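Good morning, everyone. Please have the sequence and the model open while I talk.

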Amino acid sequence: MTNRELTEQIRKKRSFLCIGLDTDLDKIPGHLKQEEDPLFSFNKAIIDATHEYCVAYKPNIAFYEAYGLAGWKALEKTIEYLNEHHPDIFTIADAKRGDIGNTATRYAKAFFEQLNFDSVTVAPYMGRDSVEPFLQFPGKHAILLALTSNQGAFDFQTTAYEGKALYERVLETASAYEHSERLMYVVGATKAEYLQDIRKIVPGSFLLVPGVGAQGGSLQEVCKYGMTEEVGLLVNSTRAIIYASEGTDFAEAAAAKAKELRDQMAKELL
Ligand SMILES: O=c1ccn([C@@H]2O[C@H](COP(=O)(O)O)[C@@H](O)[C@H]2O)c(=O)[nH]1
């Protein structure tokens with residue numbers, strides 16, 4: 001999916017919501033555990049109930065890897081279900097990969113060719129040759145960690161390096177990579193006040209912004225400092241939506257939460 005197509009979906013649905021699919025057997029409703037593939041059953045029910053309110057889904061790969069082969073099968077079924085039934089929805093493999101070029105190419109093939117995700121999150125620490133292999137696939141995107149939502153972001157990302165914070169250096173340097181038009185960046189909603197300066201470095205790039213909901217980030221602040229004329233934002237919320245209820249009404253509760261966020265987003269788009 002191209003940036004333009006994603007923006008069209010945002011305008012059409014009046015939403016820039018990305019729903020995380022961090023599916024945890026300890027958190028899903030008990031009745032689903034009798035199913036043959038509880039992870040997929042949960043995801044399918046969440047997708048069926050929420051797809052009209054969002055433009056992206058983001059399974060975090062850790063939640064599937066934790067269950068070994070069964071987890072990978074559930075992930076594969078989930079992406080196949082999304083691509084078959086909702087081809088207009090942008091998909092993000094939140095895998096935070098990063099390795100030497102030779103290995104990065106295999107990661108890119110795994111997520112773009114084998115699983116057919118639209119994008120994958122990538123850690124920038126190993127530099128150009130670890131990122132560019134992800135940018136060789138037309139219509140696919142690497143989403144580079146810039147300023148993350150967690151407290152540990154202050155350990156390195158905001159530290160000054162040759163007069164600039166490391167996250168600023170990441171944004172500037174990566175913007176010059178080959179096919180950087182296929183890059184997006186992660187900026188945590190908990191760090192919304194940094195967005196104004198970030199927009200000076202990457203004015204036209206899409207930002208994936210996690211941290212609204214369980215981590216307490218403010219949607220309004222994110223929009224105030226980070227939204228562009230083309231919107232340029234995918235705001236993610238996971239636990240606050242998918243675990244809105246522990247009961248048999250979990251999908252309806254998730255839909256209600258997703259709708260609530262979508263309605264707030266629609267107001268920001270006015
Ligand atoms: O900076 C980052 C990068 C990634 N994440 C991931 O996003 C979701 C957030 O889930 P919530 O339940 O809405 O807190 C999760 O998969 C994280 O691993 C992030 O939070 N911050």
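I will go through the ligand, the core, two strands and a few single residues.

One thing up front: this is a predicted model.

Let's start at the ligand. How many residues surround the ligand? There are 18. The closest are Asn 60, Thr 148, Pro 210, Thr 238 and Arg 239. Now sort that shell by class. Polar residues number 12, with three nonpolar and three charged residues beside them. Keep Thr 238 and Arg 239 in mind; both are among the closest residues to the ligand.

Next, the core. In soluble globular proteins, nonpolar side chains tend to be buried together. Here the largest nonpolar core has 89 residues. Which of them touch the most other members? They are Leu 17, Cys 18, Leu 144, Ala 146, Tyr 185, Val 187 and Val 235. And which element gives this core its largest share? Helix α12, residues 250–268, does, with seven residues.

Take Tyr 185 as an example. Set aside residues up to four places away in sequence. Tyr 185 then touches Ile 143, Leu 144, Ala 146, Leu 171, Val 202, Ser 205 and Leu 207. Two of those names, Leu 144 and Ala 146, were also in the list of best-connected core members.

Now find strand β10, residues 233–237. Is this strand mostly covered or mostly open? Mostly covered: five of its five residues are buried. In a regular strand the side chains alternate between the two faces of the sheet. So look at each side of β10 in turn. Leu 233, Val 235 and Ser 237 are on one side, Leu 234 and Asn 236 are on the other, and all are buried.

What pairs with β10? Strand β1, residues 17–20, runs parallel to β10 and is joined to it by three bridges. Leu 17 stands opposite Val 235 there. Both of these residues are on the core list too. Strand β9, residues 207–210, also runs parallel to β10, with four bridges. In that pair, Leu 208 stands opposite Leu 234. To get from β9 to β10, the chain passes through helix α10, residues 219–226, and this β-α-β crossover is right-handed.

Stay with that connection for a moment. Val 231 sits in the loop between α10 and β10. Most residues other than glycine have a negative phi. Val 231 goes the other way, with a positive phi near 75°. Val 231 counts as buried because 20 other C-beta atoms lie within 10 Å.

Step past the end of β10. Thr 238 lies in the loop between β10 and α11. Why does Thr 238 count as buried? Because it has 24 C-beta neighbours inside 10 Å, and the cut-off is 20 or more. Leaving out neighbours within four places in sequence, Thr 238 is in contact with Gly 20, Asp 22 and Gly 213. Now compare sequence with space. Thr 238 and Phe 63 are 175 residues apart in sequence, and their C-alpha atoms are 12 Å apart.

Phe 63 comes up again with Thr 23. Look for Thr 23 in the loop between β1 and α2. Thr 23 has 28 C-beta neighbours inside 10 Å, so it is buried. Beyond four places in sequence, Thr 23 touches Ile 28, Leu 39, Phe 42, Asn 43 and Phe 63. And Arg 239, from the ligand shell? Thr 23 and Arg 239 are 216 residues apart in sequence but 9.3 Å apart in space, C-alpha to C-alpha.

Second strand: β3, residues 90–97. Seven of its eight residues are buried. Strand β2, residues 56–58, runs parallel to β3, with two bridges. Ala 56 has Phe 90 as its bridge partner in β3. Strand β4, residues 119–122, runs parallel to β3 as well, with three bridges. There, Ala 93 is partnered by Val 120. Helix α5, residues 101–114, completes a right-handed β-α-β unit with β3 and β4.

One last residue. Asn 116 is in the loop between α5 and β4. Asn 116 has a positive phi of about 60°, and it is not a glycine. Is Asn 116 buried or partly exposed? Partly exposed, because it has 15 C-beta neighbours inside 10 Å. Val 231, our other positive phi, is buried.

Thanks for listening.

Definitions and conventions: Residues numbered from 1 in each chain as written. Predicted model: local features only at pLDDT ≥ 70, side-chain atom pairs only at ≥ 80, totals over all residues. Near = placed C-beta within 6 Å. Nonpolar A, V, L, I, M, F, W, Y, C, P; charged D, E, K, R; others polar. Core = buried A, V, L, I, M, F, W, Y, C linked by C-beta atoms within 7 Å. Buried ≥ 20, exposed ≤ 12 C-beta atoms within 10 Å, placed from the backbone. Contact = placed C-beta atoms within 7 Å. Pairing = 2+ DSSP bridges. Right-handed = clockwise from strand over helix to strand, strands pointing away.
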